[in-house]
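Please give a short report on the structure shown here. Cover the overall make-up, the nonpolar surface, the aromatic rings and the salt bridges.

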Amino acid sequence: MVESWSFLDTVESNFRPLVVIELAKGTKEETIEWLTKRIVDKKANGGEYSMILQYFYFKVRFEMKLFFAARVVLLCCTISYNLPFYLDDNHNFLTMAECQYIIKHELENLRAKNEKMIPGYPQAKLYPGKSIVRRLLTSGILVQIFPLHDREELKKLSHSWYGRVKVGYQPLDDIRCYFGETIALYFGFLEYFTFALIPMAVIGIPYYVFAWEDYDKYVMFATFNLLWSTVILEVWKRICAVLTYRWGTLLMKRQFEEPRPGFHGVLGINPVTGREEPVYSSVKRQLRIYLVSLPFVCLCLYFSLYVMMIYFDLEQWALDYHKENESNFSSLMLYVPSIIYAVVIEIMNRIYRYAAEFLTSWENHRLESSYQNHLILKVLVFNFLNCFASLFYIAFVLFDMKLLRQSLATLLITSQILNQFAESLLPYWLQKRYNRRMKKSMCSKKTDMDLSLAEQVNMEKEMGTYLVCCSTAKELKLSWAVV
């Protein structure tokens with residue numbers, strides 16, 4: 001294998017890679033050839049070449065470019081389509097997100113036919129219906145599959161979105177074309193929720209400034225809060241329906257969903273579509289859910305309540321210390337238990353999320369929507385109890401409004417600071433650090449060829465995956481609960 005960037009000599013000027021398949025260093029030649037053949041082979045032979053979609057009437061063709069890099073082997077995929085009817089602009093018939101989703105869909109649904117193992121790796125066993133991509137990942141042969149950014153399109157989007165200071169709506173249609181419907185809906189809800197918080201903030205400011213002790217006024221505020229949350233939820237349902245209708249995703253038939261890549265089982269026939277796909281007993285899945293997952297979640301909830309009681313013991317200790325000393329230091333110590341508890345909550349939430357992802361994957365759900373629903377249910381139940389059980393205990397058992405204000409403010413502010421650091425500042429610093437190191441490595445290479453594509457691939461392969469489905473939904477619902 002030639003470990004250099006000499007592949008750039010063979011890249012045509014019009015070649016626009018959309019998806020990169022990153023293989024581990026030292027991947028055997030026969031494995032690369034077999035994987036490439038499976039991808040570009042005819043559909044009848046178990047490949048993904050010449051796929052005709054009956055609803056859109058266009059042909060998908062994969063152009064594979066084999067890149068030999070210094071650290072990894074990269075297979076870059078692009079997509080072209082020939083339409084049997086006339087359009088003003090064929091090249092813009094599919095958005096970038098749709099093109100990348102088609103490639104991702106076909107790669108993830110590449111399943112073994114008669115192979116018993118991955119060529120070159122006898123320990124990586126295969127059976128009919130097994131996802132090839134998943135087996136490559138679990139065997140350490142495949143590092144990751146990720147889409148490449150279009151720098152020109154991203155620059156235009158950033159300019160119209162956040163590149164200039166303005167007061168206005170976000171370009172949701174442009175976001176949808178570049179990132180897809182899921183990301184666009186997420187930012188659409190953020191925009192809507194931000195504007196919906198304005199009346200709540202206007203009414204809530206006097207309650208915070210004047211610190212009324214008349215609890216009847218808080219009852220009025222709580223009543224308005226209930227009405228407000230109901231109204232904005234119903235209005236958002238209408239806005240969401242308008243957006244999904246405009247984007248063509250309003251009615252997504254569940255029975256026509258493809259099996260998720262992680263779904264495994266004996267190869268059988270789907271009674272609805274008549275196509276071959278893995279089959280797994282629903283009884284086994286239910287047994288795994290109710291005999292393993294449910295007891296584990298209950299055990300985690302019990303542990304969360306146990307940690308909460310330790311927090312109240314620390315609060316009592318801090319209060320006794322303040323009564324004995326009555327100093328500025330003792331006043332600051334009153335906030336220490338809440339800060340420690342907020343940090344512990346974030347740590348427990350993150351550890352539990354990994355456990356929930358493992359359990360949900362082990363349950364072997366057939367559809368991606370079912371997998372996401374079970375995962376979100378596990379995570380939200382634990383996070384809600386973990387974050388708000390102490391507040392309910394203070395409000396309805398201890399009846400301590402002063403401690404409730406202090407705990408709510410401390411928990412909210414501390415969690416927001418930790419989330420901003422972990423999700424924004426730390427990834428930004430790590431990415432900048434890697435980019436500087438990568439640019440120095442590229443500049444040190446004595447070559448006259450254009451390394452812009454190689455530099456882009458190496459930079460973007462270190463970027464993290466933006467999981468909007470679970471973590472962001474959790475944060476939005478928890479923020480809503482705080483309000």
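The report below goes from the whole chain to single side-chain pairs.

This is a predicted model: local features need pLDDT of at least 70, side-chain atom pairs count only at pLDDT 80 or more, and totals for chains, interfaces and linings use all residues. Residues are numbered from 1 along each chain as its sequence is written, and side-chain values use heavy atoms, with hydrogens and water left out.

**Overall make-up**

The protein chain has 14 helices and 9 strands. These are DSSP runs numbered from the N terminus (helices H or I, at least four residues; strands E, at least two). The chain has 483 residues, and 42% of them count as buried. Buried means under 20% relative accessible area, exposed means over 50%, and partly exposed lies in between (1.4 Å probe, protein chains only). Among contacts with a separation of 6 or more, 66% join residues 24 or more positions apart. A contact means heavy atoms within 4.5 Å.

**Nonpolar surface**

About 28,600 Å² of the protein chain is exposed, and carbon and sulfur atoms supply 63% of that area. Areas come from the Shrake-Rupley method with a 1.4 Å probe; for residues, only the protein chains shown count as cover. One nonpolar patch covers about 820 Å², and its residues include Val 283, Tyr 290, Phe 358 and Trp 362. Patch residues have over 30% relative accessible area and no salt bridge; nonpolar side chains (Val, Leu, Ile, Met, Phe, Trp, Tyr) are joined within 5 Å, like charges within 9 Å. Helix H8 (282–325) and helix H10 (336–362) each supply at least two patch residues. H8 gives the largest share, 6 residues. Phe 358 lies in helix H10. Phe 358 counts as exposed because its relative accessibility is 59%.

The charged end of Arg 288 sits over the ring of Trp 362, 4.5 Å from the ring centre. Such a charge has NZ of Lys or CZ of Arg within 6 Å of the ring centre and within 35 degrees of the ring normal. Arg 353 lies over the face of Tyr 354, 5.3 Å from the ring centre.

**Aromatic rings**

The whole structure holds 17 aromatic pairs. Tyr 178 and Phe 179 form an edge-to-face pair, 4.8 Å centre to centre with 75 degrees between the planes. Rings of Phe, Tyr and Trp (its six-membered ring) pair if their centres lie within 6.5 Å; planes under 30 degrees apart count as stacked, over 60 as edge-to-face and the rest as tilted. Tyr 178 is buried at 8% relative accessible area, while Phe 179 is partly exposed at 34%. Phe 189 and Phe 193 form a stacked pair, 5.7 Å centre to centre with 10 degrees between the planes. Both lie in helix H6 (residues 181–210), 4 residues apart, about one turn of the helix. Trp 161, Tyr 162, Tyr 186 and Phe 187 form one aromatic cluster.

**Salt bridges**

The search finds 8 salt bridges. Each is a side-chain nitrogen of Lys or Arg within 4 Å of a carboxyl oxygen of Asp or Glu. The table gives three of them.

| Acid | Base | N to O distance |
|---|---|---|
| Glu 108 | Lys 104 | 3.1 Å |
| Glu 181 | Arg 176 | 3.0 Å |
| Glu 368 | Arg 260 | 3.8 Å |

The Glu 368 and Arg 260 pair links distant parts of the chain, 108 residues apart. Glu 368 is partly exposed at 32% relative accessible area, whereas Arg 260 is buried at 7%. Salt bridges that share partners join Glu 98, Arg 176 and Glu 181 into one network.
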